[in-house]
Structure formats: structure tokens, C-alpha cells
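Thank you all for coming. I would like to walk you slowly through one structure today, so please have it open in front of you while I talk.

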Amino acid sequence: MGTFRPAWLVLMFGMNKTIRRASVFTLLLVFALLVRATWVQYYEGQALADDKDNRRNAIATYSAPLGNIIVGGRSVTGSASTKGSDLKYKRTYTDGELYAAVTGYASQAYAPTQLEGIYTDLLNGTDSRLKSVMDTITNQRADPGNVVTTIDPDVQKAAYDALGDKKGGAVAIDPKTGKILAVVSTPSYDPSSLTDANTAGAAWKKLTADPEKPLVNRALRQPLPPGSTFKLVVAAAALEDGLYSSVDENTASPDPYTLPGTSRDLSNENPNAPCTNATIRTALEYSCNNVFAKMAVQLGQDKVKAMAEKFGFDDDKLDVPVRAYTSVYPSDMDPSQTALTGIGQFDVTATPLQMAMVSAAIANGGKLVSPHMVSQITNSGGDVLQDYDDDAGSKEIVSSSTAEQLQSAMRTVVEKGTGTNAQVPGATVGGKTGTAQHGENNSQVPYAWFTSYAKSGSSGKEVAVAVVVEQSNAARSEVSGNGLAAPVAKAMMEAALKD
């Protein structure tokens with residue numbers, strides 16, 4: 001009995017060699033095309049759909065109004081219909097310059113930023129949590145959701161108005177809840193100028209060419225030397241380590257203090273200040289460089305770094321939910337460099353968010369509640385999809401005893417020290433000034449810092465703030481944390497504490 005062979009095989013082998021080879025090659029080509037089509041459809045399809053240059057994405061995103069970002073119960077975003085475009089809607093902003101550091105922008109031409117970027121899927125209705133059963137069956141885009149922020153419009157406006165034409169940033173936090181009440185960066189920009197694809201290019205070119213860099217979020221994403229505000233971190237490390245038992249114990253601090261291994265004397269801003277062997281309280285009150293430089297050397301860079309990192313320095317994943325730039329405490333220093341870090345110089349950098357976190361932890365009895373500027377995200381009907389207020393965790397940074405002592409010393413700074421411009425009637429206020437050197441040999445205008453906390457004597461409200469002024473029209477001799485930054489902090493604290 002003969003071996004059975006399929007008809008196509010008999011036919012193929014019955015052909016002459018040339019035809020047979022051509023047939024095999026053709027079959028291989030067909031097979032390759034089928035494999036490629038399958039690969040494109042099932043494996044590369046999503047990548048093509050997500051490609052930023054795929055205009056179908058923009059058409060889909062702007063085919064209907066977007067969801068909104070809410071501040072104080074009011075939408076600060078909206079959508080407007082367009083004419084003569086396949087993009088039917090564009091984003092709009094109310095008080096755009098005031099809230100730009102919070103909202104960012106959603107543009108027909110450029111990738112979204114800030115909250116607009118983080119919650120793109122929620123705001124355009126493609127987030128799977130928004131879909132009903134029918135939406136899933138029909139594969140229809142759901143109605144968009146909304147982002148409810150923690151921002152207090154009064155605190156936000158107070159900071160923005162107080163900064164005015166100065167270049168700088170400011171952050172306010174509720175120490176008890178971690179809610180971020182204000183995020184302000186100046187100079188600002190109007191996000192509405194970037195929303196329309198037809199006009200966004202010219203606006204983008206103008207904004208990116210501006211030497212004042214209005215697109216930079218100075219509150220969250222521009223770390224700068226924190227100057228003497230960092231002395232709070234060094235003082236916390238000294239008290240927690242037991243180097244000093246209280247803020248009223250005398251320190252062994254010569255004035256002037258010679259940086260280790262050098263012949264350079266570290267001077268104090270006020271040459272007549274009682275900084276020789278000063279207590280931590282007095283050293284904070286007069287901002288004595290000699291005390292904290294020597295203290296940092298006594299503790300050693302590892303202990304100072306450990307305390308800084310407890311407060312949030314060196315955290316490259318600080319999401320609020322916008323990813324904040326890392327505030328840095330350096331490593332591998334010699335003793336003289338370590339001394340300079342004790343006064344917030346050398347390679348120490350911090351954002352206003354970071355320094356507000358320092359004051360918030362001190363004000364809250366040593367516990368830092370995770371800072372966040374989104375309270376909830378909801379669907380179009382207002383149902384809560386996620387509650388970030390409930391999810392906010394906390395961690396102990398310093399003991400309650402250390403926190404109480406630092407609170408007391410910070411009150412002295414405001415009551416009779418370098419921070420008197422931050423006094424708020426009817427409130428308990430503690431703070432710390434800072435004037436950070438800028439440029440080689442301090443050749444450029446210094447940065448003015450102020451960080452503080454305040455507690456209302458009547459309502460029980462609390463707030464922690466940090467302000468940096470990078471540049472103003474003040475004369476160099478007039479640049480100080482108390483002169484430039486403290487008044488901004490005062491305005492923010494007053495707004496946050498009002499009944």
C-alpha cells in the first residue's frame with residue numbers, strides 16, 4: 001500500500017524545480033506579511049496609538065470638553081469650542097497666571113504638564129475607573145472626571161500678590177493634614193496662550209526665550225541654596241543626637257570660627273551679635289554662622305545628612321502628586337565643606353516645598369504628614385474615585401520634645417530676632433530667615449529665604465510656609481530674608497489663619 005501524500009504536496013513536487021522554488025518563496029512572503037500584520041496589529045498597535053505625533057490622539061482628546069481642576073469649590077479650568085479645526089475643543093483657564101504652578105497646561109500642540117499632565121486620562125475620560133458597564137461594552141469614552149485640589153484660593157492669591165514683580169516661589173502647607181494650601185511661582189504665565197495649536201507655537205517661543213523663565217515652577221522644581229533656613233535641620237540633628245540637651249545650653253563656638261583645614265574665618269552677618277558660645281536659641285535669633293558651622297562639623301556630615309533625609313532631602317520620588325525636584329544634602333565632603341553645609345551653603349539645595357516641610361514637621365510635634373495638593377479625584381457625577389486626604393500618611397522626623405524646643409526658638413526669631421516682619425497679630429508665629437550666597441564669591445544678588453509656622457489663637461488653624469525671593473528691585477544691601485521673604489510669608493499666614 002502506497003504512502004498517502006497531500007494533493008498540494010504532490011502537485012508541488014510534480015512541478016519543475018524553478019516553479020517549485022518560486023512557489024515556496026511566494027508562500028514564505030505571504031507568511032511573512034501575515035506575521036508582520038499580526039505584529040503591527042497586536043503588538044505595535046498600542047505604541048502607535050500612544051505616539052505623540054499621532055494626530056488621532058489629539059483629535060480624540062479634544063473631541064469633547066475636558067474635565068476640570070477645582071480650587072476652593074470652583075473650576076479654574078474649562079473648555080471652549082473651536083472653529084475651522086478638527087480639534088473641536090480647546091482648554092481654557094480662569095486666573096491662569098495665578099494657578100499656573102498648580103494646573104500646568106493642556107495644549108493641542110504640546111505635552112501637558114503639572115496636574116493637567118498627571119491626570120490626563122481622568123480629565124479626557126479614558127481612565128478605566130470612569131467607564132460604566134455600557135461604556136466598556138461599546139468601547140465609548142466615558143464622561144471625564146475632575147481633580148479637586150487642596151489649594152486655598154485666599155492663600156494662593158496672598159502669596160501671588162505679595163511676591164508681585166519679584167522672582168521667586170512660595171509654598172504653604174497645613175501641618176496637621178499635609179494639605180498644600182498654596183503653590184506660587186513668579187513670574188508666571190497664562191496657560192491659555194499655549195492651548196490652541198494655531199497660536200501655541202509663537203507663545204511657546206516667546207516663553208522659552210524669556211530670560212526670567214516663567215515656565216519654571218520655582219515652588220516645586222527649582223532647588224536653590226537654602227542659606228540659614230537650613231540651620232533648623234542642623235539644630236534638629238544636634239538635639240536628637242544629644243550633642244546639646246536643649247536650645248538654651250551654651251555651645252562651645254568661637255567667634256570667628258575658622259573653617260577646619262583652612263585659614264578662612266567664617267563671619268556673621270551682624271558682627272556685634274552675641275554669637276560667641278551662643279545657645280541654639282540665640283544662634284537662631286541672630287543667625288550665627290559660627291555656631292552652626294561648628295555644630296555641623298561636630299556632628300559630622302553623616303548625621304546631618306541622616307536628619308536632612310528624614311525631612312525629605314535626597315528624595316528623588318517626592319510626588320505631591322507633581323514630582324518635585326530633589327533637594328540635596330551632599331556627600332563625600334571635607335570638614336570645611338561640611339561646616340559650610342551647616343549654614344545651608346556649599347552644595348546644599350532645597351525647594352520652597354522642602355523648607356515648608358521642615359517647618360511643618362516642627363510645627364506638628366515632630367511628625368510630617370505627607371504633603372499633597374490633590375484632595376480627591378471624582379467622576380463626572382462627583383463620586384469619589386480616590387481620596388488622597390485619607391491616604392496621607394505621616395512619619396516621625398524628630399521627637400515631640402525636640403519639636404517643642406525648636407518651635408520655641410523659632411518664636412524668638414520672630415518676636416525679637418531676624419524675622420520680626422513675619423509677626424501676625426493674634427497668632428503664634430515662629431520662623432527662620434536665610435540669605436543664601438549666589439555666584440562665585442557671592443558676586444551675584446543673594447537669595448532671600450524665610451520659612452515659618454503659625455497657629456491661630458482663636459480658630460486653632462495652623463500653617464507652615466516657605467518663601468524664596470531670587471531677585472527683586474531691591475538694592476543688594478537690602479536683600480534679606482526678613483526684608484523680602486518674611487512679608488510674603490506673613491501675607492500667606494494671615495490668609496490661612498483667618499476665621
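Let me start with D332, which counts as exposed because its relative accessibility is 76%. This residue is found in the loop between α14 and α15, and although D332 is not a glycine, it has a positive phi of about 55 degrees. Please keep in mind throughout that we are looking at a predicted model.

Another residue to set beside it is N277, which is likewise not a glycine and has a positive phi of about 55 degrees. N277 lies in the loop between β9, residues 265-266, and α12, residues 280-286, and at 36% relative accessibility it counts as partly exposed, since the exposed class begins over 50%. As background for why I point these out, most residues other than glycine have a negative phi, and most peptide bonds are trans.

That brings me to the peptide bonds. Which residues does a cis peptide bond join, with omega about 10 degrees? They are D255 and P256, and the place of P256 is in the loop between α11 and β8, the latter being residues 257-258. A further cis bond runs from V320 to P321, with omega near 5 degrees, and P321 has its place in the loop between α14, residues 301-311, and α15, residues 335-341.

From P321 we can step across to H372, because it gives us a link between separate parts of the sequence and also a case of burial: at 8% relative accessibility, H372 counts as buried. The C-alpha atoms of H372 and P321 are separated by 6.4 Å, with their positions 51 residues apart along the chain. H372 itself lies in the loop between β10, residues 367-369, and β11, residues 374-378. If we leave aside its neighbours within four places in sequence, the residues in contact with H372 include V320, T150, T177, G178, K179 and I180, and also Y388, D389 and A392. V320, you will remember, is the residue from which the cis bond to P321 runs.

Let me now step back to the whole chain for a moment. The protein chain has 19 helices and 16 strands, and of its 499 residues, 48% count as buried. Its accessible surface comes to about 22800 Å², and 51% of that belongs to carbon and sulfur atoms. Among contacts with a separation of 6 or more, 67% are accounted for by residues 24 or more positions apart.

Next, the helices. Two packed helices are described by the angle between their axes and the distance between the axes. Helix α11, residues 231-241, packs with helix α13, residues 289-299, at an angle of about 50 degrees, and their axes are 10 Å apart. That angle makes α11 oblique to α13, and the crossing of the two is left-handed. On the α11 side the contact involves K231, V234, A235, A237, A238 and D241, which meet N289, F292, M295, A296 and L299 in α13. By class, that contact has eight nonpolar, one polar and two charged residues.

For the other pair, helix α16, residues 352-363, and helix α18, residues 400-416, pack at an angle of about 115 degrees with their axes 8 Å apart. How is α16 placed relative to α18, roughly perpendicular or roughly parallel? The angle makes α16 roughly perpendicular to α18. S359, I362 and A363 of α16 make the contact with A403, L406, Q407 and M410 of α18, and by class this contact has five nonpolar, two polar and no charged residues.

I will finish with E116 and P112. E116 is found in helix α6, residues 114-118, and it counts as buried because its relative accessibility is 3%, the cut-off being under 20%. Beyond its neighbours within four places in sequence, E116 is in contact with I69, T77, R91, Y93, T103, G104, Y105, A106 and L123. P112, by contrast, counts as partly exposed at 34% relative accessibility, and its place is in the loop between α5, residues 96-103, and α6. With the same neighbours within four places left aside, P112 is in contact with Y105, A106, G117 and T120. P112 and T195 are 83 residues apart in sequence, and their C-alpha atoms are 9.7 Å apart in space.

Note on methods: Residues numbered from 1 in each chain as written. Predicted model: local features only at pLDDT ≥ 70, side-chain atom pairs only at ≥ 80, totals over all residues. Heavy atoms only, no water. Axes fitted to C-alpha atoms, helices over the stretch in contact; angles between N-to-C directions. Helix = DSSP H or I, 4+ residues; strand = E, 2+ residues; numbered from the N terminus. Parallel < 35°, antiparallel > 145°, perpendicular 65-115°, else oblique. Left-handed = near helix turned anticlockwise from the far one by under 90°. Contact = heavy atoms within 4.5 Å. Nonpolar A, V, L, I, M, F, W, Y, C, P; charged D, E, K, R; others polar. Buried < 20%, exposed > 50% of the residue type's maximum accessible area, 1.4 Å probe, protein only. Areas by Shrake-Rupley, 256 points an atom, 1.4 Å probe, with all protein chains shown as cover.
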